[in-house]
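The following account leads the reader through one protein chain, from its sheet to its helices and its charged pairs. The sequence and the model should be kept in view throughout.

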Amino acid sequence: MFAGDQNGLQGDPRLKAISEAIRVVPHFPKPGIMFQDITTLLLDHKAFKDTVDIFVDRYRDMGISVVAGVEARGFMFGPSIALAIGAKFVPLRKPRKLPGIGLLPRCTDGEVISESYVLEYGKDCLEMHVGAVQPGERALVIDDLVATGGTLSAAIRLLERAGAHVVECACVVGLREVKGQHGLNGKPLYILVEPRQQINCSAPSVNGVETCRHDDLILGASFGSPLNPTSKSD
């Protein structure tokens with residue numbers, strides 16, 4: 001589900017501003033990738049606040065007690081959302097990143113559980129502390145971008161192994177095709193904006209990196225585009 005498809009958010013100028021605040025970097029981290037760089041969104045106080053506010057308005061009355069953020073960019077949005085809705089924030093980390101025994105008293109000796117998932121070229125893994133989530137808790141999974149849905153599906157499986165009920169997954173940027181193709185283990189997916197695609201990059205390079213002005217970009221892209229419009233590198 002896209003935020004702009006909802007009654008009350010159709011035509012909301014905040015969504016356009018959020019999209020325009022996201023920089024597109026062509027051919028990063030490899031040729032053919034249109035990297036959706038949300039660091040420029042974080043530099044725009046109003047757009048950043050609007051992003052968090054839209055998520056908070058959606059989830060504050062859903063009885064969510066866990067906001068689980070996917071490393072690394074899910075950490076940039078998850079804690080603010082968790083604080084605003086009165087939930088705890090649980091980091092879902094890459095392998096060997098979580099602290100060890102005795103560093104997290106509410107968990108069981110720092111023990112972790114893990115869930116692997118397949119990438120385009122290989123595999124990766126998410127880990128969570130045992131005891132960070134209690135059976136029956138209602139959880140929201142947050143990340144910055146969804147392209148294939150593999151990372152979010154692994155996050156869902158990890159939380160469900162701990163006995164949590166995953167209410168929904170939420171991302172700032174995503175493709176309309178994801179839900180139909182992958183289903184995210186049957187869980188709903190909420191997305192604010194679609195990826196933008198370069199059509200005529202005329203802006204000068206910055207530190208040797210080609211970037212594009214807002215007026216060089218359009219909303220909307222698909223896997224059938226000449227250049228893959230998204231990158232999920234972490």
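**The sheet and its surroundings**

In this predicted model, strand 8, which spans residues 165-174, pairs with strand 9 in the parallel sense, and the pairing comprises 4 bridges. One position can serve as a landmark: Val173 has Val193 of strand 9 as its bridge partner. Helix 1, residues 13-21, lies across both strand 8 and strand 9, and its direction is at about 75° to that of strand 9. Helix 5, formed by residues 150-161, also packs on the sheet. Its contacts extend to strand 3 (66-70), strand 4, strand 7 (138-146), strand 8 and strand 9, and its direction makes about 165° with that of strand 7.

The pairing of strands 8 and 9 belongs to an open sheet of 5 strands, in which the order is 4-3-7-8-9 and the pairing is parallel. Strand 4 (88-92) and strand 9 (189-193) form the edges, each of them pairing on one side only. From one strand to the next, the twist averages 25°. For the chain as a whole, the secondary structure comprises 6 helices and 11 strands.

**Helix 4 and its buried side**

Helix 4 contains 12 residues, and the distance from its first C-alpha to its last is 16 Å, close to the 16 Å expected at 1.5 Å a residue. Which residues of this helix are buried? They are Gly74, Phe77, Gly78, Ile81, Ala82 and Ile85. These residues lie on the same side of helix 4, because the arc that they cover around the axis is only 130°. The elements that cover them include helix 2 (39-43), helix 3 (45-59), strand 3, strand 4, strand 7 and strand 8. Just after helix 4, Gly86 adopts a positive phi of about 75°.

Helix 2 also holds Leu41, a buried residue with a relative accessible area of 0%. Beyond its neighbours within four places in sequence, Leu41 is in contact with Ile18, Ala21, Ile22, Ala47, Phe48, Thr51, Phe77 and Val172. Among these partners, Phe77 is one of the buried residues of helix 4. Leu41 also lies 7.8 Å from Arg23, C-alpha to C-alpha, although the two are 18 residues apart in sequence.

**Charged pairs**

The structure contains 15 salt bridges. In one of them, Arg93 is joined to Glu71, with 3.1 Å between the closest N and O atoms. Arg93 lies in the loop between strand 4 and strand 5 (112-119), whereas Glu71 lies in the loop between strand 3 and helix 4 (74-85); the pair therefore ties together parts that are 22 residues apart in sequence. The two partners may be set side by side in terms of accessibility. Arg93 is partly exposed, its relative accessible area being 22%, and Glu71 counts as buried because its relative accessibility is 7%, against a limit of 20% for burial.

Glu71 also meets the side chain of Lys97 in a salt bridge, with an N to O distance of 3.1 Å. Lys97 is in the loop between strand 4 and strand 5 and Glu71 in the loop between strand 3 and helix 4, so this pair ties together parts that are 26 residues apart in sequence. Lys97 is partly exposed, with a relative accessible area of 43%. Glu71, Arg93 and Lys97 are thus linked in a network of salt bridges.

Another pair is formed by Arg73 and Asp144, whose closest N and O atoms are 2.6 Å apart. This salt bridge links distant parts of the chain, since Arg73 is in the loop between strand 3 and helix 4 while Asp144 is in strand 7, 71 residues apart. Are these two residues buried or exposed? Both Arg73 and Asp144 are buried.

**The chain as a whole**

Two totals place these details in context. Of the 234 residues in the chain, buried residues make up 51%. Among contacts with a separation of 6 or more, 64% involve residues 24 or more positions apart.

Definitions and conventions. Residues are numbered from 1 along each chain as its sequence is written. This is a predicted model: local features need pLDDT of at least 70, side-chain atom pairs count only at pLDDT 80 or more; totals for chains, interfaces and linings use all residues. Side-chain values use heavy atoms; hydrogens and water are left out. Two strands pair if DSSP finds at least two bridges between them. Helices (H or I, at least four residues) and strands (E, at least two) are DSSP runs, numbered from the N terminus. Axes are lines fitted to C-alpha atoms, for helices over the stretch in contact, and angles run from 0 to 180 degrees between N-to-C directions. Contact means heavy atoms within 4.5 Å. A salt bridge is a side-chain nitrogen of Lys or Arg within 4 Å of a carboxyl oxygen of Asp or Glu. Buried means under 20% relative accessible area, exposed over 50%, partly exposed in between (1.4 Å probe, protein chains only). The expected span of a helix is 1.5 Å times one less than its number of residues. The arc is that of the directions from the helix axis to the C-beta atoms.
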